[in-house]
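This report looks at the annotated active-site positions of one protein chain and at some unusual points of its backbone. Please keep the structure at hand while reading.

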Amino acid sequence: MDKKIEQLKCFESSPKGENSTTNFGVKISNDENTLKAGPRGPSLLEDFVFREKMTHFDHERIPERIVHARGSGAHGYFVSYADHSNLTKASFLSAKDKKTPLFARVSTVQGPRGSADTVRDVRGFAVKFYTDEGNFDIVGNNIPVFFVQDAISFPDFVHAGKMEQQNEMPTGGSAHDTFYDYISLKPETAHTVMWVMSDRGIPLSIRHLQAFGVHTYRLINAQGKSTFIKWFWKPLSGTLSLLWDEAQKIAGKNGDYHRKRLWDDIEAGDFPQWELCVQILSDEIIEKFEFDILDPTKFIPEELAPVTPVGRMVLNKNPDNFFAETEQIAFCVSHVVPGIDFSNDPLLQGRIFSYLDTQLSRLGGPNFNEIPINRPVCPFANTQRDGIHRMTINKGGANYFPNSIDGNYPRPKEEASVKGGFLPYPEKIDAVKTYKRSETFNDHFSQATMFWNSMSQHEKNHIVDGFSFELSKVTRRNIVERVVNEFLINIDKTLAEKVGKNLGVTVEPKVTKNIQKKLVKPSPAISQVNLLSGDIASRRIAVLIFDGCDTEDVMSFKKEMEKRDAHVDLLAPSNAPVRGCDGPSLTPKSSWVSEPSIFYDAVYVPSCGQESLELLQHNGDFLHYILESYKHLKTIAFSGCPSIIKETLRLKQDLGLILGQGWRDVVEAFTYSLAHHRVWERESLASTIPA
Ligand code: HDD
């Protein structure tokens, strides 16, 4: 068992076979009636059992996170691929196969705790490594750049992006006036806004997210050598997204979609995995890079600085208690370990302060480090004492350093640099205090344009659709016009024209002062077309079963897909078992209505006899299932009954709409198409489908 899980075990409570008591151990004799003056009389103040229970309940909520309130977490571990001590003395990277326990939390940014998972938003990706030299947190996002360059703008950005102050709308979305007002007045947001309006803003699931540490950090080795790096998480399942229509529908049908998919995969033993990579920024690369490595609105294309895997993260255990673990975990950018250090990125510098500060109010005081999920697995000691909910019983006479009473303990580690104490990189600083921002941060549009130029045609279409949808919700016309004529136009003329056309805005570029643009080469590595996993492992397939279907066909297809590590669910017109044409009945997992096509990546319809075919042709739920899957560019296979496709629905056969006689006929084409995620060639035809 890993060290963290073992530590958490000491705090577990499973009251099997135990009688209930008050929190102070007094056995309770009646837990359904308050103490009253007679059965019909008033309740008595002396009823301490009731008062304790009620008081506890009244205080069960803590403030939710101001951003990233909605999140899902899991335990896991990290395995280092090698001894990376040439780069860093961080102990978790010091040996091949070294295993470190961790907890990861993935979140949306804008919405409150109860908001839907599939809204268009950035996804937070925070990982706490419980290393043997202290906790190390990488608090990143699924987008490699950030909206603003300096931490002092963060509160304004968040105020503008979250629900509007007068009416708390919209919940968890950026499609509103204040967001677009702010970004169009703040050109440094351009690059990140492009990522959010792209497919990256609507991920398929948590296991399909790429993630980034965003800032430049330093790695320091035992000799004191510093290397600038960026952190990069690469999902082994590929980087995949929803379609916007799908994302919106899922938000209504199952707000917990991402949370549930993560939970179910882990319960099923299908553990999500990511490679942790570093992008090493050698002096040579930094020199070639046309932007400042301290500017968090810029990212370094993989083509310029390759991304080297240093280890693998596996999420393999769901929390036992959401509140105790996922809610109370406290990530802090300031949690670094010896061998890792910060850069002077002004956004990062502010974050080093903000996270610790926010935990003080969220978790009620300075002892949040003692909450089980936050405790390091290595010993810890210092002279900090007392405060609300202090749990440690510090013994001995000395709560100060230096002291002569307790042998001068606790005291800092001598020869800190060699023996493991944290030492900052001794960067020489000789500067004048100033509020100025570096001029090397001035180019706000070149990389936004690079992002656009790196997209495939369908990805570009989605960005146009994303902006058009969002801006159609903005009520103030002057803001919409400003976005088109002073923001999008500086990214790409075609983008501005297409969005402008959809919104009825004439493109009349305003001359914006101080626009400096460089021609930056596209980066194919950021197009999701190039980020497929190449297989169908972990993908979800709906097999539609019904009275009269061929059960042998169903079970053989299911087996074939499970051999390829896909998840297969049998779904029927209702939750009742269906009768197969050949005798045996099949029990569905659920019904077509409660598990609609939007929850799945592909659909399979088994062969059946004429009688069933006629019933299907008149079953609205069935026809809708197929049409909606077709509209969402999914792989669909019919191992018989082609007349439904050809005559009833009149759909055009394509690489992802596979018709055959029996499962053997369709299985390879089905696998091939699903491995490509969606049938992009179908997109314009699919837009004609009324589903
Ligand atoms: Fe932040 C939470 C990621 C900029 C201040 N942030 C938070 C979480 C993630 C990020 C993943 C959720 C952690 C969890 O699951 O508990 N934030 C980022 C990234 C940023 C970023 C990748 C830019 C590169 N954040 C940022 C700035 C500030 C903050 C500039 C303030 C100066 N972030 C916070 C916070 C939060 C937070 C207010 C809210 C809850 C929390 O910290 O624990 O302190």
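A residue is called buried when its relative accessible area is under 20%, exposed when that area is over 50%, and partly exposed in between, as computed with a 1.4 Å probe on protein chains only. This is a predicted model, in which local features need pLDDT of at least 70 and side-chain atom pairs count only at pLDDT 80 or more, while totals for chains, interfaces and linings use all residues. Residues are numbered from 1 along each chain as its sequence is written, and side-chain values use heavy atoms, with hydrogens and water left out.

**The annotated site**

An unreviewed UniProt entry places the feature "active site" at His68 and Asn141; UniProt positions are given here in the numbering of this report, feature names are shortened, and annotations may be inferred rather than shown by experiment. These positions span 74 residues in sequence, yet no two of their C-alpha atoms are more than 10.5 Å apart, so they gather at one spot.

Helices (H or I, at least four residues) and strands (E, at least two) are DSSP runs, numbered from the N terminus. His68 belongs to the loop between α2 (48–58) and β1 (71–80), and with a relative accessible area of 18% His68 is buried. Contact means heavy atoms within 4.5 Å; leaving aside neighbours within four places in sequence, His68 is in contact with Arg105, Ser107, Thr108, Val109, Gly124 and Asn141.

Asn141, by contrast, is found in strand β4 (residues 134–141), and its relative accessible area of 9% makes Asn141 buried. Again leaving aside neighbours within four places in sequence, the contacts of Asn141 include His68, Val122, Arg123, Gly124 and Phe125, and also Gln210, Ala211 and Phe212.

**Backbone points**

Two residues other than glycine have a positive phi, and they are listed below with their places in the chain.

| Residue | Phi | Loop | Relative accessibility |
|---|---|---|---|
| Val214 | near 70 degrees | between β5 (211–212) and β6 (217–220) | 5%, buried |
| Asn408 | about 65 degrees | between α10 and α11 | 21%, partly exposed |

Which residues does a cis peptide bond with omega of about -10 degrees join? The bond joins Met169 and Pro170, and Pro170 has its place in the loop between α3 (154–161) and α4 (177–185). The peptide bond from Phe401 to Pro402 is also cis, with omega near 0 degrees, and Pro402 lies in the loop between α10 (346–362) and α11 (416–419).
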